[in-house]
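Here is a quick tour of some backbone oddities and of how two domains meet. Have the model open as you read.

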Amino acid sequence: MASDGSNPQSRVLTGVHFMLGNYATSEGALAAGCDFFAGYPITPANEISERMSQRLPEVGGTFIQGEDELFSIYAVTGASIAGAKAMTATASAGYNHFQEGIGYAVAVEAPCVIVDVQRCRGENFATQADVMQMRWGTDGDYEIIVLAPSSIQELFEYTVRAFNLAEEYRTPVIVASETTIALMRERLDIPTAEEIEIVNRKYTDLSPDEYKPFAAPEYGVPDFAPLGEGYGTIYSINPHDEEGSIDWDPDVYERMYDRLTGKIAKNRDVICQPRSFAVDDADIVLIAYGSEVRPALDAVQMARDEGIAAGLLKLDAVWPVPEEQIKKATAKAKEVISVEMNIGKYANEIERVVAGRVPVHRCTKNRGIIHSPEEIYRSIKEVWK
Amino acid sequence: MSPKLYPRRENTRPDSLPHMFCPGCGCGQVLNYFLRACHELDVKPQDMTCIGGVGCAARIPVFLDTDALHGIHGRTLPWATGIKMTRPDMPVVVFAGDGDALSIGGNHFIHAARRNIDVTCIVVNNLNFAMTGGQVAPTTPLAATTMTTPYGSSEPPFDLCKMAETSGATYVSRWTTAHAMQAIRAIKTAMQHTGFSVVEIITGCPTHFGRYALGTGDPTKVVDWIKSAAIPKTRADKMDPEEMSEGLVVGEFVNTQRPVFYGSTIYESGDNDETS
């Protein structure tokens with residue numbers, strides 16, 4: 001870090017770097033205002049913790065290495081409720097243990113950022129196999145925001161955005177990192193602090209007598225109140241009404257989960273900002289997320305060079321599903337190819353969205369290695385013939 | 001200070017009473033002790049965060065006029081750690097059942113004690129899993145009958161206070177609902193203590209432990225059993241271990257000071273002057 005030549009006391013290491021992906025994730029968190037990190041060692045996520053243990057005390061934050069992942073996720077939700085911008089990071093097997101706490105964070109609307117550096121089960125090879133566990137892992141009904149970066153630059157930027165979305169929607173936000181990018185070094189441009197947009201949660205202006213901790217506009221987000229100042233909020237996973245009172249009433253339960261899921265699902269067009277590459281005139285539209293975007297984009301270029309009208313829709317948020325944007329990008333396509341580094345999981349969502357209008361082909365690879373551009377290009381040619 | 005005064009209703013959550021504890025349940029008494037301790041110390045739950053997990057004792061903070069976290073089994077101390085690191089100025093009190101502190105949350109308990117987080121942990125030990133209907137707990141006495149040990153428990157119980165002490169807690173005491181004044185005094189000492197303070201309170205559960213293990217659902221008989229099982233530390237120190245193997249030693253076991261935890265890494269000076 002010293003070789004960066006920047007001021008280590010600063011939260012934002014403005015400048016051009018050649019940085020490890022996991023470090024870029026940590027720097028994104030710091031730039032976003034993260035002041036609490038709890039983690040438990042696991043490869044290939046360790047460099048995130050190591051960087052945070054060094055950098056957080058420098059900026060007045062707290063780093064804790066917990067006794068397990070359950071500690072991490074609950075220390076993070078506790079810190080969040082107490083006012084911190086809190087983050088934890090793990091790899092796939094550790095993410096299993098987070099699921100319980102993610103359900104709590106969803107129910108009490110505790111903003112936090114969770115990084116999953118996806119790895120193959122039992123080994124640290126490349127995969128995108130957790131794309132469904134990030135969406136459906138905890139018990140009960142919920143919607144969740146999952147961002148899938150594809151480069152070191154995006155690890156930084158998406159982590160900043162993850163904090164902003166967490167604060168805006170009072171929800172856990174997942175950064176779906178991968179072994180590929182987490183352990184890679186490439187160029188990272190960190191802008192100045194002034195150039196980075198920061199969103200902070202809203203605290204109530206009301207007195208304790210007037211304040212209702214979980215009252216919000218339809219599909220909206222309630223304001224926070226500080227702890228220990230007489231607001232008497234109960235942050236319970238149990239069904240709770242707008243006052244925060246634990247209450248088993250079918251109407252209360254239905255209303256609570258209608259808002260909790262609606263605040264994300266109804267805002268999917270704002271949350272999801274996918275990018276299109278050569279999609280407008282494309283006969284074949286590839287859809288990819290995370291590191292698979294890189295070979296997919298190369299494959300599109302190879303196809304274009306051979307006169308095949310291919311394009312790419314690059315997803316940033318994989319959850320919620322950018323339904324309208326997928327429909328729009330595939331409206332004129334004759335074939336759709338879902339590119340994934342797993343047995344073919346997100347392809348089901350794409351099939352659901354296009355609803356039989358156009359065939360969805362699967363270009364999957366599940367052997368711990370990212371696709372080469374040639375492999376994806378071969379899929380394009382097979383579909384085209 | 002007015003020892004005869006009924007606990008301060010003003011520190012209970014508006015419209016939360018009556019509570020949902022069974023008749024004769026010790027949780028109501030622990031709630032009572034805590035309110036009394038707050039009153040005598042002239043501190044308010046409104047200025048704190050109180051934490052419950054899952055179980056009967058976990059409901060205690062719901063009846064207090066306080067900010068509360070509730071509803072996850074065994075994760076009370078990770079929550080407390082995250083909150084205390086973020087708001088070191090604010091008192092944090094955990095109400096944990098024996099299942100919460102010693103079974104599902106046992107690992108967290110050990111590490112909270114090892115770190116010496118500045119949190120008070122009141123462990124309400126009713127010797128069984130009561131909310132779920134009276135199953136065996138890690139604190140259930142050997143040979144006791146419960147809903148999942150119909151032929152008697154084959155598992156030796158934990159001694160929570162010994163574990164707290166060897167793990168590094170800096171204040172540890174055990175009392176029972178048959179020792180109200182001592183329990184209130186211990187809660188007051190714990191709340192004034194800087195560091196991880198543990199007060200274990202053995203409570204009666206007539207509905208489950210009473211009926212299944214003791215053969216009585218009569219609250220007074222359950223308290224009589226607790227009283228007969230309790231051996232004051234001063235007496236226990238003179239007894240041989242065989243003689244008191246069935247007993248529950250009550251008293252203050254640890255009251256010491258060492259640096260409290262403010263994060264995993266020592267920064268700059270290496271001497272955290274916030275520890276007192």
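## Backbone oddities and a domain contact

A:Tyr219 counts as partly exposed because its relative accessibility is 23% (partly exposed lies between buried, under 20% relative accessible area, and exposed, over 50%, with a 1.4 Å probe and protein chains only). This is a predicted model, where local features need pLDDT of at least 70, side-chain atom pairs count only at pLDDT 80 or more, and totals for chains, interfaces and linings use all residues. Residues are numbered from 1 along each chain as its sequence is written, chains are lettered from A and ligands numbered from 1 in the order written, and side-chain values use heavy atoms, leaving out hydrogens and water.

Most residues other than glycine have a negative phi, and most peptide bonds are trans. Here are some spots that go the other way.

| Site | Value |
|---|---|
| A:Tyr219 | phi near 55 degrees |
| B:Ala143 | phi near 75 degrees |
| A:Arg170 | phi about 50 degrees |
| A:Thr43 to A:Pro44, cis | omega about 10 degrees |
| B:Leu17 to B:Pro18, cis | omega near 5 degrees |

Where do they sit? A:Tyr219 is in the loop between β8 (185-190) and β9 (234-236) of chain A, and A:Pro44 is in the one between β2 (36-39) and α2 (46-58) of chain A. (Helices, H or I of at least four residues, and strands, E of at least two, are DSSP runs numbered from the N terminus.) Over in chain B, B:Pro18 comes in the segment before α1 (26-41). B:Ala143 lies in the loop between β4 (120-125) and α5 (160-167) of chain B, and at 54% relative accessibility B:Ala143 counts as exposed.

A:Arg170 comes just after α6(A). That helix, residues 152-169, has 18 residues and should span 26 Å at 1.5 Å a residue (times one less than the number of residues); its end C-alpha atoms are 25 Å apart, which agrees. Of its 18 residues, 15 are buried.

Now the domains. An automatic or database assignment splits off domain 1 (15-195) and domain 2 (273-383) in chain A. Their contact (heavy atoms within 4.5 Å) takes 27 residues from domain 1 and 25 residues from domain 2. About 2,000 Å² is buried between them, 55% of it from carbon and sulfur atoms; this is the accessible area (1.4 Å probe) lost on putting the two parts together, summed over both.

The rule finds three salt bridges across this interface (a side-chain nitrogen of Lys or Arg within 4 Å of a carboxyl oxygen of Asp or Glu). α6 of chain A is among the elements that each supply at least two residues to domain 1's side.
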